[in-house]
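Work through these exercises with the structure open beside you. Try each task before you read its solution.

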Amino acid sequence: MTMTVDRNFTEVGGKDTYEGQICSVHFSKQIYSHLVFLSGFNVLLSIFICLGNGLILVALHKESTLHSPSKQLLRSLAITDLCVGIVTDPLSIVYWVSSLNDLTTVCLYALSTAFVIGYTLTTVSLLTTSAISVDRLLAVVMGVRYRQTVTLKRVYGTVITFWVLASVASFVYIKSFQFAVRFMHTVIIVSLTTSMFSYTKVFLYLRQYGNQIHDKELSRDRQELPSVKKLRQVRMAKQKKAASSVMWIQIALIVCYLPYGVVLALPKVLERSQIPVLIRQYAVVSSYTNSLLNPLLYCWKIKEVRLAVMRTLRACRR
């Protein structure tokens, strides 16, 4: 996913705006070597993002052991990451290259389009990661009732709602910048708060559950302890590992987007200098790397996905 613009379309192109600076051939020439490097790096990044997330989508389609609703949430996140590699990342290359070649109009259109699409993808990604955390919480707390409550139909409805909200907000953004900013701030706060609450609740619940099981085992017949204890320990370990795995996705998102947040917090007085604008370009690329890290995290932390990816790769070699 990618970050959002912090200006309205009516302000795009002004000499003192971020867009006006980055699309100015005079300004871009001053950071020529950086833009050339970023363009080349993003070409490779876009290719690997597409390959990685495309492979994950194929693997998820073939994987049958994962719970279908949980798999659909991961698929939705992979789709947003794939869109970064297909759309927003290449658009960044377009406005960097067009700026260097004094194609101001092309640069402004590419920059504006990248921001609008990025706004949509950012919103969907934030909402999806929070939904994944809630899914893990429900899996732990509800037990056997989880599969009856969290159905594929409900997850489809939730994901569609995310995309509709994000799309409507991105179109409203064109007309009302202030509303779009408030909406995005709300999404960020709600998403991060929900995720933090869910993961904290999961680990506290598992810890409390483990203590209760330990107390009960002490009062039972010793002949029953080995098999019962092993079964429950395996169940708890599995739930804890699943929650820990998806929590890494949330951590990666925060780490990759933190530079962009820091850049936006820079004093407004520095807006016209090269340094903040240049740093922001690197911060944008940092946000793109999240779309590459997610497939790697799926393979590293989720055994079922890793095995499905390996099977897919072996099948491709034949």
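**Exercise 1. The overall make-up**

How many helices and how many strands are there in the protein?

*Solution.* The model is a predicted one. Start with the count: there are 11 helices and 0 strands. Next, read the elements from the N terminus on: they run α-α-α-α-α-α-α-α-α-α-α. Then turn to burial. Of the 318 residues in the protein, 46% are buried. Finish with the contacts. Take those between residues at least 6 apart in sequence: 82% of them join residues at least 24 apart.

**Exercise 2. The length and burial of H5**

Find H5, and compare its expected span with the distance between its end C-alpha atoms.

*Solution.* Helix H5 covers residues 104–142. Step one is the expected span: 39 residues at 1.5 Å a residue should give 57 Å. Step two is the model: the end C-alpha atoms of H5 are 56 Å apart, which agrees. Step three is burial. In H5, 30 of the 39 residues are buried, so the helix is largely enclosed by the rest of the structure.

Now pick one residue. Arginine 136 lies in helix H5. Its relative accessible area is 12%. Buried means under 20%, so arginine 136 counts as buried. Look also across the chain: the C-alpha atoms of arginine 136 and valine 246 are separated by 8.2 Å, although the two are 110 residues apart along the chain.

**Exercise 3. The two ends of H5**

Which residues beside H5 have a positive phi?

*Solution.* Begin just after H5. Glycine 143 takes a positive phi of about 65 degrees there. Then go to the loop between helix H4 (68–100) and H5, where aspartate 102 is found. Aspartate 102 has a positive phi of about 60 degrees, although it is not a glycine. Compare that with the general rule: most residues other than glycine have a negative phi. Last, check accessibility. Aspartate 102 has a relative accessible area of 47% and is partly exposed.

**Exercise 4. H5 against H7**

Are H5 and H7 roughly parallel or antiparallel to each other?

*Solution.* Two numbers are needed. Two packed helices are described by the angle between their axes and the distance between the axes. For H5 and helix H7 (residues 152–175), the angle is about 150 degrees and the axes are 8 Å apart. Angles over 145 degrees count as roughly antiparallel. H5 and H7 are therefore roughly antiparallel. H5 passes H7 in a right-handed crossing.

Now list the contact. H5 supplies Val116, Tyr119, Thr120, Leu121, Thr123, Val124, Leu127, Thr128 and Ala131. H7 supplies Phe162, Trp163, Ala166, Ser167, Ala169, Ser170 and Tyr173. Sort these residues by class: 11 are nonpolar, 5 are polar and none is charged.

**Exercise 5. H7 and its other partner**

Describe H7 itself, then its packing with H4.

*Solution.* Check the span first. The 24 residues of H7 should span 34 Å at 1.5 Å a residue; the end C-alpha atoms are 35 Å apart, which agrees. Next, burial: the buried residues of H7 are Val155, Val159, Phe162, Ala166, Ala169, Ser170 and Tyr173.

Now bring in H4. The axes of H4 and H7 come within 8 Å and cross at roughly 25 degrees. Angles under 35 degrees count as roughly parallel, and H4 and H7 are therefore roughly parallel to each other. Their crossing is right-handed. On the H4 side, the contact has Ser68, Pro69, Gln72, Leu73, Ser76, Ile79 and Thr80. They meet Leu152, Val155, Tyr156, Val159 and Trp163 in H7. By class, the contact divides into 8 nonpolar, 4 polar and no charged residues.

**Exercise 6. H3 against H11**

Which residues make the contact between H3 and H11?

*Solution.* Set the geometry first. Helix H3 (residues 32–62) and helix H11 (residues 303–317) pack at about 105 degrees, with their axes 8 Å apart. The two are therefore roughly perpendicular. From H3 come Leu55, Ile56, Val58, Ala59, Leu60 and Lys62. From H11 come Val305, Ala308, Val309, Thr312 and Leu313. The classes are 9 nonpolar, 1 polar and 1 charged.

Terms used:
Residues numbered from 1 in each chain as written. Predicted model: local features only at pLDDT ≥ 70, side-chain atom pairs only at ≥ 80, totals over all residues. Heavy atoms only, no water. Axes fitted to C-alpha atoms, helices over the stretch in contact; angles between N-to-C directions. Helix = DSSP H or I, 4+ residues; strand = E, 2+ residues; numbered from the N terminus. Parallel < 35°, antiparallel > 145°, perpendicular 65-115°, else oblique. Left-handed = near helix turned anticlockwise from the far one by under 90°. Contact = heavy atoms within 4.5 Å. Nonpolar A, V, L, I, M, F, W, Y, C, P; charged D, E, K, R; others polar. Expected span 1.5 Å × (residues − 1). Buried < 20%, exposed > 50% of the residue type's maximum accessible area, 1.4 Å probe, protein only.
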